[in-house]
Amino acid sequence: REKLNLDRDKPLIFAPISGPVRERAYLLGALRKIFQSFPEEYQVVMSMGYLNSNPPLVRNSPNFRLYRWVRNRFEYLKACDIVVARAGHETIMHALSYGKPLILVPTPSHTEQNNNAKRAEELGVAKTIKQENLNRKTLIKAVEEVLHDEKYLRNARKMMDISSKFNALEEIIGEIVRLYQSR
């Protein structure tokens, strides 16, 4: 947090919004409005997912930083206390690889995201808010629940411990070698 110029004493919410522009649009607008008036006891960093946009920083207030794009996504994942995002597989896996609990807002009628969010809730690593129910009150309530109920952090860290035992690069190389040798 020190390297990122963030307050060490305030919970950090990281909202890396990604995916197709049409799926991001509503969530970006809603979260931007909500986070601009979020309680001062929290600090929020949000990325709008516009790859390599200049200037990258759009808003920089004491409790809310809004970026078009963050190059150092993994530094923010490491520093944050909670991730707020769509329910895409990659975002969930990145957060859990760092042991971070999530608040997920799946894209309506997006079967994969709804199933991902449901499974993350079943694993006790996430709280889901339906897009039509997303507002300041529901988000603050979800943030408070996830931050104060230790099960979310405990379960997210279990997932981190499990994932740290795998070496994806080694597995991929091994599979390539096996396929090559079987020719």
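# A guided tour of a predicted protein model

Begin with the whole chain in view: for its 183 residues, a compact globule would have a radius of gyration near 16 Å, and the value for this protein, 17 Å, agrees with that. Keep in mind throughout that this is a predicted model. If you turn the C-alpha trace along its principal axes, it spans about 60 × 40 × 35 Å.

**The overall fold**

Next, switch to a cartoon view, in which you can look for 7 helices and 7 strands. Following the chain along its sequence, you should meet these elements in the pattern β-α-β-β-β-α-β-α-β-α-β-α-α-α. If you consider the contacts between residues with a separation of 6 or more, 54% of them involve residues 24 or more positions apart.

Now show the surface, which comes to about 10800 Å² of accessible area, with 51% of it belonging to carbon and sulfur atoms. Buried residues make up 41% of the 183 residues. You may also colour the charges, of which 30 are positive and 21 are negative, and the mean positions of these two groups lie 5 Å apart.

**Into the cores**

In soluble globular proteins, nonpolar side chains tend to be buried together. To look at this in the model, select Phe35, Phe38, Met46 and Leu139, which touch the most other members of the largest nonpolar core, a group of 28 residues. The elements that contribute two or more residues to this core are β1 (12-16), α1 (21-36), β2 (43-47), β4 (64-67), β5 (82-85) and α5 (136-148). Helix α1 gives the largest share, 6 residues.

Which residues does phenylalanine 38 touch, if we leave out those up to four places away in sequence? Select Phe38 and you will find Ile13, Val44, Arg136, Leu139, Ile140 and Val143 in contact with it. Afterwards, move to a second, separate core, which has 24 residues and includes Leu4, Tyr67, Val70 and Cys80.

**A buried alanine in α3**

Select alanine 95, which lies in helix α3 (residues 89-97). Is this residue, alanine 95, buried or exposed? Its relative accessibility is 0%, so alanine 95 counts as buried. When residues up to four places away in sequence are not counted, alanine 95 touches Leu77, Val83, Lys100 and Leu102. Of these partners, Leu77 is worth adding to the selection, for alanine 95 and leucine 77 are 18 residues apart in sequence, while their C-alpha atoms are 6.5 Å apart in space.

**Two serines, and a histidine**

Stay with pairs of residues and select serine 163, which lies in helix α6 (residues 150-163). Serine 163 has a relative accessible area of 29% and is therefore partly exposed, a class that lies between the limits of 20% and 50%. How many residues along the chain separate serine 163 from serine 97? The two are 66 residues apart along the chain, yet their C-alpha atoms are separated by 6.3 Å.

Then select histidine 148 in helix α5. With a relative accessibility of 62%, histidine 148 counts as exposed. Draw a distance from histidine 148 to glycine 88, which is 60 residues away in sequence, and the C-alpha atoms will be 25 Å apart.

**Two residues with positive phi**

For the next stop, look at the backbone rather than at the side chains, beginning with asparagine 5 in the segment before β1. The phi angle of asparagine 5 is near 60°, a positive value in a residue other than glycine. Asparagine 5 is also exposed, with a relative accessible area of 67%.

Continue to serine 109, which you will find in the loop between β6 (102-104) and α4 (111-122). Here too phi is near 60°, again a positive value in a residue that is not glycine. The relative accessible area of serine 109 is 77%, which places this residue among the exposed ones.

**The last stop**

Finally, select arginine 183, which is found in the segment after α7 (168-181). Arginine 183 is exposed, with a relative accessible area of 82%. To finish, add tyrosine 152 and draw the distance between the two C-alpha atoms: arginine 183 and tyrosine 152 are 31 residues apart in sequence and 46 Å apart in space.

Technical notes. Residues are numbered from 1 along each chain as its sequence is written. This is a predicted model: local features need pLDDT of at least 70, side-chain atom pairs count only at pLDDT 80 or more; totals for chains, interfaces and linings use all residues. Side-chain values use heavy atoms; hydrogens and water are left out. Helices (H or I, at least four residues) and strands (E, at least two) are DSSP runs, numbered from the N terminus. The radius of gyration is taken over C-alpha atoms; the globule rule is 2.2 Å times the number of residues to the power 0.38. Buried means under 20% relative accessible area, exposed over 50%, partly exposed in between (1.4 Å probe, protein chains only). Contact means heavy atoms within 4.5 Å. Accessible areas come from the Shrake-Rupley method with a 1.4 Å probe; for residues, only the protein chains shown count as cover. Lys and Arg count as positive and Asp and Glu as negative; His and the chain ends are not counted. The place of a charge is taken as NZ of Lys, CZ of Arg, CG of Asp or CD of Glu. A nonpolar core is a set of buried Ala, Val, Leu, Ile, Met, Phe, Trp, Tyr and Cys residues joined through side-chain atoms within 4.5 Å.
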